[in-house]
Amino acid sequence: MSINEDAYDVIVVGSGGGLVGAYVAASRGLRTLVVEKTDRVGGTVAYSGAGLWFPGSAPLSRAGLGDDVEEARAYLRSVVDDPAREPLQDAYLAAGVRLIDELEQNPWFRSFVHGPVPDYYAAGPGASPTGHTVFPPPLEAAELRERRALVRDSLPTERFGFDEGPVLVGGRALIGRALSAFLETGNGELRLNTALESLVVEDGRVTGVEVVSDGQRVRIRAGRGVLLAAGGFERDRELREKHQWPLTGEWSEGAPANTGDALRAGIAVGADTDLLDEAWFVPGLIHPDGLPVFHTGTRGGIWVNGAGERFVNETRPYDQAGHEIVRLHAGTGVRHIPAHWVFDQRQLDRDSIGGPPDEPPGPQWLASGALKKADTLEELARLIDVPSEALTRTVEEFNGYARTGVDERFHRGETPWDRMFQHIVPLPADPRQNFAAKPAPEWPNPLLLPIDAPPFYAATIVPSDIGTKGGLRIDTRARVLRPDGRPIEGLYATGNTAAAMSGRVYPGAGTPIGSSLAFGYLAVLDMAGATR
């Protein structure tokens, strides 16, 4: 039996990117409730760098990059190559510009800044070598006062207990700012430890939610609508096995509570779905605890498959590299899951592994087997179970490329994204904390150092992800659609609960979170214009 509670104008399910939509609603005088399944806010956004791929937005103009919306539109059209998604792309581009203008009027959000991250498909028409990505400014944790305890920790802190320090950056800064702006409107309420059970439908319209809060089933009405912004299903083994086998979710770096609750609730009331076989893939470097950490690219060494052969440009944009691992494993008959990162002492001395280059890997790396060490390539091949002759031949071929500076097979080091790694290596979840690369002046391409300085090492690379990208199908107002294309009145979706406007590609840094904010904004604009 459910307990009926007071009605709100808007209910937002999920407290990652949905918090920004909640602020937009509450700032318009709409009584807004955010329900969050866990005991803290932020979801996967809190783990992120909080990049927002927003061409034409004010931070880009302030950086002297001008109005680049039309170039970005041409780029999206080309790389996504799906006419059915073009209306969503247009809605996204328009919303990003307007949303940033609105957020920057609130003192909690302040001014976003452009971060030079190249677009991921360098050959696409309109691709920018400096990118279209903007970031929130850092936030002093003390400014949040008691709200600081409500913000989810970063993934490295949750996994390894790193000290967060007095400043929140990236996604945690965005979440802290959005939470404060939302609550200070006077129209916003947050309920933690409150899980979505189902949607309430009356006369074909979604009019509220049923949730479980503190062990009680509660029915809450929403006069204007319900916005589903609860992430994807990356942590749900049943759904991943059904749609993405052999991936089952244990290697995901999405928030642990992202188990597809909102997706199931939408399907139960007749919603259509799309792209359920897709994710925002990233290569994951297995750490001593047996779980992966987002691996943005390899400045040194090579990746080899079960045949002991290279199969990809190791500095390729992470979603493309992750997709390639999955595709090749499924389609070639050669094992690519896991793959092996092979390098030597020179690489280890220059960049270390799994952390800053001035911190060598601790003994747990070798003790756990996450890192394997051998005096010869033949011995290393036996340790990672690949043919020794093939591995030796692959390394010799790569060493030849190192001497000429040209990767004739995979062209490593030739795109703006690749060349970024000649100078910086971003640390996870914080695009500002970069460390300078140690120079290698004796080699013509700092991304192609020979593997000839024993001992030799191998680490494990698996297809990880930062969330699934398939979900409920939406229109340009973020309304959830039925299979026949009609909207389900009162129901909206955004972020990884919705099928991505970018289809099967990842156009540039900040597309996932940018989409979450943009379509959450469009949903609220639609609700704010509605009268119920």
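In which strand does Ala458 sit? In this predicted model, the place of Ala458 is strand 21, which covers residues 456-468. Ala458 is buried there, at a relative accessible area of 2%. Setting aside residues within four places in sequence, Ala458 makes contact with Trp341, Val342, Ala370, Leu371, Lys372, Leu380 and Ile384. A longer look across the chain takes in Ile286: 172 residues separate Ile286 from Ala458 in sequence, and their C-alpha atoms are 11 Å apart.

Stepping back to the whole chain, the fold has 16 helices and 24 strands. With a radius of gyration of 23 Å, against the 24 Å that the globule rule gives for 532 residues, the protein chain is as compact as a globular protein of that length. Laid along the principal axes, the C-alpha atoms fill a box of roughly 70 × 50 × 45 Å. Of the 532 residues, 61% are buried. Contacts across the sequence are well represented: among those with a separation of 6 or more, 73% are between residues 24 or more positions apart. The accessible surface adds up to about 19,700 Å², and carbon and sulfur atoms account for 51% of that area. As for charge, the chain carries 53 positive and 71 negative charges, and the mean positions of the two sets are 3 Å apart.

Strand 10 offers two residues to set side by side. Thr194 lies in this strand, which spans residues 194-202, and Glu197 has its place there too. Is Thr194 buried or exposed? Thr194 counts as buried, at 2% relative accessibility, whereas Glu197 counts as partly exposed, at 40%. The cut-off for buried is under 20% relative accessible area, and exposed begins over 50%, so a residue in between is called partly exposed.

The surroundings of these two strand residues can be read from their contacts. Beyond its neighbours within four places in sequence, Thr194 touches Val35, Glu36, Lys37, Val211, Val212 and Ser213. The side chain of Thr194 also reaches the backbone oxygen of Leu192, at 2.9 Å. Glu197, with the same kind of neighbours left aside, is in contact with Glu210, Val211, Val212 and Arg217. What joins the side chains of Glu197 and Arg217? The link is a polar contact of 3.3 Å. Glu197 and Ala265 are 68 residues apart along the chain, and their C-alpha atoms are separated by 7.2 Å.

Another residue of interest here is Ser61, found in helix 2 (residues 58-62). Ser61 is partly exposed, with a relative accessible area of 41%. From Ser61 to Ser198 there are 137 residues along the chain, and the C-alpha atoms of the pair are separated by 44 Å.

Towards the end of the numbering, Thr494 falls in the loop between strand 24 (487-493) and helix 16 (511-528). How accessible is Thr494, and what does it touch? Thr494 is buried, at a relative accessible area of 1%. Not counting residues up to four places away in sequence, the contacts of Thr494 are Leu227, Leu228, Ala229, Ser515, Ser516, Phe519 and Gly520. For Ser515, the backbone oxygen lies 3.4 Å from a polar atom of the Thr494 side chain.

The backbone also has some features worth a look. Trp245 and Pro246 are joined by a cis peptide bond, with omega about 15°, and Pro246 belongs to the loop between helix 8 (237-244) and helix 9 (261-268). A cis peptide bond also joins Ile337 and Pro338, where omega is about 0°; Pro338 is in the loop between helix 10 (318-331) and strand 17 (339-344).

Then there are the phi angles. Asp203 is not a glycine, yet has a positive phi of about 55°. Asp203 is in the loop between strand 10 and strand 11 (205-213) and is exposed, with a relative accessible area of 86%. His411, likewise not a glycine, has a positive phi of about 60°. The loop that holds His411 runs between helix 14 (388-404) and helix 15 (416-420), and at 39% relative accessibility His411 counts as partly exposed.

Key. Residues numbered from 1 in each chain as written. Predicted model: local features only at pLDDT ≥ 70, side-chain atom pairs only at ≥ 80, totals over all residues. Heavy atoms only, no water. Helix = DSSP H or I, 4+ residues; strand = E, 2+ residues; numbered from the N terminus. Buried < 20%, exposed > 50% of the residue type's maximum accessible area, 1.4 Å probe, protein only. Polar contact = N/O pair within 3.5 Å; in protein donor to acceptor, adjacent residues only side chain to side chain. Contact = heavy atoms within 4.5 Å. Rg over C-alpha atoms; globule rule 2.2 N^0.38 Å. Areas by Shrake-Rupley, 256 points an atom, 1.4 Å probe, with all protein chains shown as cover. Lys, Arg positive; Asp, Glu negative; His and termini not counted. Charge placed at Lys NZ, Arg CZ, Asp CG, Glu CD.
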